[in-house]
Amino acid sequence: MALHGGALRLNLLFNSRSLYKLTSLAGVRPLSEHASAKPATFKPSDTTADHLIYTQEHFALKESLRKLIDQEINPYVDKWEAERTFPAHKIFKILGNAGFLGVSKPVEFGGLGLDFSYSVAVAEELGNIRCGGIPMAIGVQSDMATPALARFGSDQLKKEFLLPSILGDKVACLGVSEVGAGSDVSSIMTKAVRKGDEYVINGGKMWTTNGTQADWMCLLANTSDGPPHKNKSLICLPMNLPGVHIARKIDKMGMWSSDTAEVFFDDVHVPCKNVIGQEGLGFTYQMLQFQEERLWAVANVLTTMDSIIQETIGYTRQRKIFKQPVLYHQTVHFRLAELQTEVELLRSLLYRATAMYIKGNDVTKLASMAKLKAGRLARELSDSCLQFWGGMGYTSDVLVSRFYRDSRLISIGAGADEVMLGIICKYMDTLPKK
Amino acid sequence: MSGRVLVGVKRVIDYAVKIRVKPDHTGVVTDGVKHSMNPFCEIAVEEAVKLKEKKLIKEVVAVSCGPQQSQETIRTALAMGADRGIHVEVSGKDYDSLGPLQVSKILAALAKKEEAQLIILGKQAIDDDCNQTGQMTAALLDWPQGTFASEVSLEAEKIKVVREIDGGLETIKINTPAVLTADLRLNTPRYATLPNIMKAKKKKIANVKPADLGVDLTSRLEVLRVDEPPQREAGVKVETVEDLVAKLKDTGKI
């Protein structure tokens, strides 16, 4: 009788159990260090009663999502990394069916109407995916391309674009950055010129995650001449309109399984009713959703950092140099202790910011601090752990080298470190006066 | 057949955790260790929920025996589609010595109290690997049993069960009420969707004490000692078949 996907998880069960019988108490890792092998160690879970922001439902959510990841995503990650893309429609449909794409979105449009702490729980659990590209792609779908639409879009627009995105029927992407404008969002050049009851769009977007597979784009464009913070609008742009060209899939250092596109717009006609909310307020809407985007990214990388530390411990425990495990050398276990300490500190900041945010506070300063720290800590952590893995760490077969490449993006994308520092200084009132 | 199905769900150490023996050798470390629903119990819940979706049974009741945390396991069953739960409170020393005999007495008592027509359990738990509870429960109730089920179909007042046995597959037909135990290939358990997880919050879990059911929890077994398996030693290579036979004779293996 053929074993289907569901039995795969139970097969892993039998493999790890029977392998355990052959290993000693000292914890020799029975499984290969292959990047897609399931880790044999598990960090103990926090008890539900004492957690700062999570309830039993959060933990139930995480457990269910974990099963989905173990069955539908992780077994294929190596393949998708090699192919430089993943089947977005298929995976988003599976996630959408289970309710994970619309956690904080309105119930009338297929969402669950839960608060942001549930989105953070989802982001954390997605960190168990054995690459950075797929969580990033999911994050764009659930928390980057859709929040403004959910909050400010018309009902008709929400029905056409938000509902199918939450259900996983339509793949979304975000069109903000351009070749000539990344950190400096206000200097984007893409223009949407009004002609009757249509806009004609010319220009292009860069670094578009999901761009080669997306059904629609949440596009930021200049819709009038005026002050750069007041002349932009967010437009729901179907990607199959004539004039939309996917120029190329960008070949990147990491995040290989996530397809990143450069897109051109050549006289693309889109109805005026596709503008989200008010014309001219696009820049403001975009800024509003950054707090969530940043906390999401932090939550996601924390879980992966824990896994990298655990896998490094596992590897260095059985790898011997100078007649004893690498782990026994003080520089190694002390450094891992330092890194774990920093991970826990960042986690505390995340939960604090989340708790305040769901109570209605503005957490821009804390979110920016957390994002800044996440990018930098990921670089330090991947660098130190890679060193401890030695030659093996330099190969493509292990998770630590993939993490090294993938996590480097955190200091650059979704708000570069320097932008975060600028925001923090603004709150600290230390910027030069004009 | 319409009616009520009782599904037993056990909270066990998660299958991916590396088990460690306690320093005093009285058992394994459970504090702070990740626990989840026994994988075979998940399959049992899935089968029960499927029967309800096919409208072959009316109500699925998830039962768990254990301390406060067992309620989490019941909630998972509720999130998968069970209608309500029963938490039989067993903690402390009673929980340490809780085994198939005690659980099957509890399940038998509950089955009578709830007027259940079907009990579905996992074939065994991954912590003790006993593979006894289903069989004992059936014996106590004097009900037929379909164990190691890889396929279950309800036909009028009987149940057809395809069982996975050493020789292959065995198909039997048994009367209801009956006890079934689920094997690996019976089905693929569904993900608890987020909407169902939130709905499960509103479903009821009743609290019951074993004494209320007239069950005596005294164990007939005493755990003397728990040790980890012996360390795997290096193998030995031999050149010829004669050498192999000689070595096997030397070490008393043949």
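**Exercises on a sheet and a helix pair**

In this predicted model, B:Val88 stands opposite B:Val208 in S11(B).

**Exercise 1.** State how strand S5 of chain B is joined to S11(B).

Solution. Strand S5 covers residues 84-89 of chain B. Four bridges join S5 to S11(B), and the two strands run parallel.

**Exercise 2.** Place S11 in the sheet of chain B and identify the strands at the edges.

Solution. Step 1: the sheet is open, has nine strands with mixed pairing, and follows the order S9-S8-S7-S10-S6-S1-S4-S5-S11 in chain B. Step 2: S9 (168-175) and S11 (205-208) of chain B each have a single partner strand, so one side of each lacks a neighbour in the sheet. Step 3: on average, neighbouring strands are turned by 30 degrees against each other, direction ignored.

**Exercise 3.** Describe how helices H1 and H5 of chain B lie relative to strand S6(B).

Solution. Step 1: H1 (residues 39-53) lies across S1, S4, S6, S7 and S10 of chain B, at about 145 degrees to S6(B). Step 2: H5 (residues 133-141) of chain B packs on the sheet, touches S6, S7 and S10 of chain B, and makes about 160 degrees with the direction of S6(B).

**Exercise 4.** Classify the packing of H11 (residues 330-358) against H12 (residues 364-393) in chain A.

Solution. Step 1: the two axes come within 10 Å and cross at roughly 160 degrees. Step 2: angles over 145 degrees count as roughly antiparallel, and H11(A) and H12(A) are therefore roughly antiparallel to each other. Step 3: their crossing is left-handed. Step 4: the contact includes A:Leu339 and A:Leu346 of H11(A), and A:Leu377 and A:Phe388 of H12(A). By class, the contact has 16 nonpolar, two polar and five charged residues.

How values were computed: Residues numbered from 1 in each chain as written. Chains lettered and ligands numbered in written order. Predicted model: local features only at pLDDT ≥ 70, side-chain atom pairs only at ≥ 80, totals over all residues. Heavy atoms only, no water. Pairing = 2+ DSSP bridges. Axes fitted to C-alpha atoms, helices over the stretch in contact; angles between N-to-C directions. Contact = heavy atoms within 4.5 Å. Parallel < 35°, antiparallel > 145°, perpendicular 65-115°, else oblique. Left-handed = near helix turned anticlockwise from the far one by under 90°. Nonpolar A, V, L, I, M, F, W, Y, C, P; charged D, E, K, R; others polar.
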